[in-house]
Amino acid sequence: MTSNYKVTVLGLGAMGLPMASRLASQLTVHGFDIAEPRLRLAEEAGVKTFASARDAAQDTDALLLAVRNSEQLDDVLFGGNGVATVLKPGAVVILTSTVGTEAIPSTVARLAEYGVGLVDAPLSGGPKRAGEGDLLIVVGAEPAALESARPVLELLASTLTVVGDKPGDGQALKTVNQLLCGIHIAAAAEAMALADALGLDQAKTLAALEAGAAGSFMLSNRGPRILEAYSEEGAEVLSRLDIFVKDMGIVGKATRSAGLATPVAAAAEQLYLLGQAHGLAAADDSAVIKVVAPTKRTGGEG
């Protein structure tokens, strides 16, 4: 890898900043965020920051996007201050977000007008793993675009899976991934709520479950935060609940389009929707336990 390779990270939030920091360890990284404090943190991590997204995207080899949804993707690239017009021919846009497959074909076509490729590379792992280069990234991209993006992808991923040679393939696999993740978080919340209702010590229950056949990544990852959900501050927000409102909506749309019944995923989606309706949208997704059980029953320490 060479420092002559430039990558621009737009959005220096919970995921964008650790990814930019990781990339800056070996590459030249440009960054932009609307929040001034995030710019200062990025500068401390070796990222060169700019006053606008368009300035940051000038003369970059790769543009890494961690947007919220397909509408934001369209606005960042093609809106009034969109960056597509300043990207140099041969550059690639690396889309790390889960936006669903529907938005991909039009995005590919519009970027092609500028000679820019799209690398569909949704990721999983959270902020800590992003900073360590320990993400799971699934990729759908034409071979030439994939090669252009490899310096970025290989620094961020411990597991890089190329699932197809066209953009949209990554989104398809991530949709399957999010179906499982959304169900597993909801199931973990229900299990810990039941433990509490039965008068069990939740921390001991969690440790026992993790050691047995009922264990899962989501149980181990979200379990400790589920136990913090009832505290005054709540759990640290590492993955907002309304992200799963969006993602389970993408899952539902995909399954209906395929004519596939997914009643368990649909039930999980309703829990996240209820959480959002009860004011938990900006809380960590582990707060979904408060939908299942609005208050703790035992009153003991989690």
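Which residue in β5 is the bridge partner of leucine 63? I opened the notebook with this point, and I keep in mind throughout that the model is a predicted one.

**Entry 1: strand β4 and its neighbours**

I looked up leucine 63 and found that its bridge partner in β5 is valine 93. The two strands, β4 and β5 (residues 92–95), run parallel and are joined by 4 bridges. Following the chain from β4 to β5, I passed through helix α4 (residues 70–78), and I noted that this β-α-β crossover is right-handed.

I then turned to the pairing of β4 with β1 (residues 6–10), where I again found 4 bridges and a parallel arrangement. In this pairing valine 7 stands opposite alanine 62 of β4.

Is strand β4 buried on one side or on both faces? I recall that in a regular strand the side chains alternate between the two faces of the sheet. For β4 (residues 62–65) I noted Ala62 and Leu64 on one side and Leu63 and Leu65 on the other, all of them buried, so that both faces are covered.

**Entry 2: strands β1, β2 and β3**

Next I followed β1 to its pairing with β2, which is parallel and extends over 5 bridges. Here lysine 6 stands opposite threonine 28 of β2. With α1 between them in the unit, β1 and β2 make a right-handed β-α-β arrangement.

I checked how far β2 (residues 28–32) is covered, and wrote down that 4 of its 5 residues are buried. Strand β2 also pairs in the parallel sense with β3 (residues 48–49), over 2 bridges, and in this pairing glycine 31 stands opposite threonine 49. I recorded β2, α2 and β3 as another β-α-β unit, which is right-handed.

**Entry 3: the largest nonpolar core**

Which residues have the most contacts inside the largest nonpolar core? I listed Val7, Leu23, Ile94, Val119, Ile137, Val152 and Leu153, within a core of 33 residues. Several elements supply at least two residues each, among them β1, β4 and β5, together with the helices α1 (16–24) and α2 (36–44). Strand β8 (135–140) and helix α7 (143–156) also belong to that group, and α7 gives the most to this core, with 7 residues.

**Entry 4: salt bridges around aspartate 242**

I counted 16 salt bridges in the model, bearing in mind that side chains of opposite charge can pair when their charged atoms come close. I began with arginine 68 and aspartate 242, whose closest N and O atoms are 2.6 Å apart. Arginine 68 lies in the loop between β4 and α4, whereas aspartate 242 lies in helix α11, so this salt bridge ties together parts that are 174 residues apart in sequence.

I also looked up how accessible the two partners are: arginine 68 is partly exposed at 32% relative accessible area, while aspartate 242, at 9%, counts as buried. Aspartate 242 meets a further side chain, that of arginine 240, in a salt bridge of 2.6 Å from N to O. Arginine 240 is itself partly exposed, with a relative accessible area of 33%.

**Entry 5: other charged groups**

I noted a salt bridge between lysine 246 and aspartate 247, also given as 2.6 Å from N to O, and aspartate 247 is buried at 3% relative accessible area. Elsewhere I found Lys6, Asp59, Asp61 and Lys88 linked in a network of salt bridges; Lys6 is the residue that I had already placed opposite threonine 28.

One charged side chain I looked up for its position over a ring: arginine 110 lies over the face of phenylalanine 78, at 4.0 Å from the ring centre.

**Entry 6: the aromatic pair**

How many aromatic pairs does the structure hold? I found 1. The rings belong to phenylalanine 244 and tyrosine 272, with centres 5.5 Å apart and planes at 25°, and because planes under 30 degrees apart count as stacked, I entered the pair as stacked. Phenylalanine 244 lies in helix α11 (residues 241–257) and tyrosine 272 in helix α12 (residues 263–277), so the pair ties together parts that are 28 residues apart in sequence.

Last, I checked whether the two residues are covered, and recorded phenylalanine 244 as buried at 3% relative accessibility and tyrosine 272 as buried at 0%.

Technical notes:
Residues numbered from 1 in each chain as written. Predicted model: local features only at pLDDT ≥ 70, side-chain atom pairs only at ≥ 80, totals over all residues. Heavy atoms only, no water. Phe/Tyr/Trp six-rings, centres within 6.5 Å; stacked < 30°, edge-to-face > 60°. Buried < 20%, exposed > 50% of the residue type's maximum accessible area, 1.4 Å probe, protein only. Lys NZ or Arg CZ within 6 Å of the ring centre and 35° of its normal. Pairing = 2+ DSSP bridges. Right-handed = clockwise from strand over helix to strand, strands pointing away. Salt bridge = Lys/Arg side-chain N within 4 Å of Asp/Glu carboxyl O. Core = buried A, V, L, I, M, F, W, Y, C linked by side-chain atoms within 4.5 Å.
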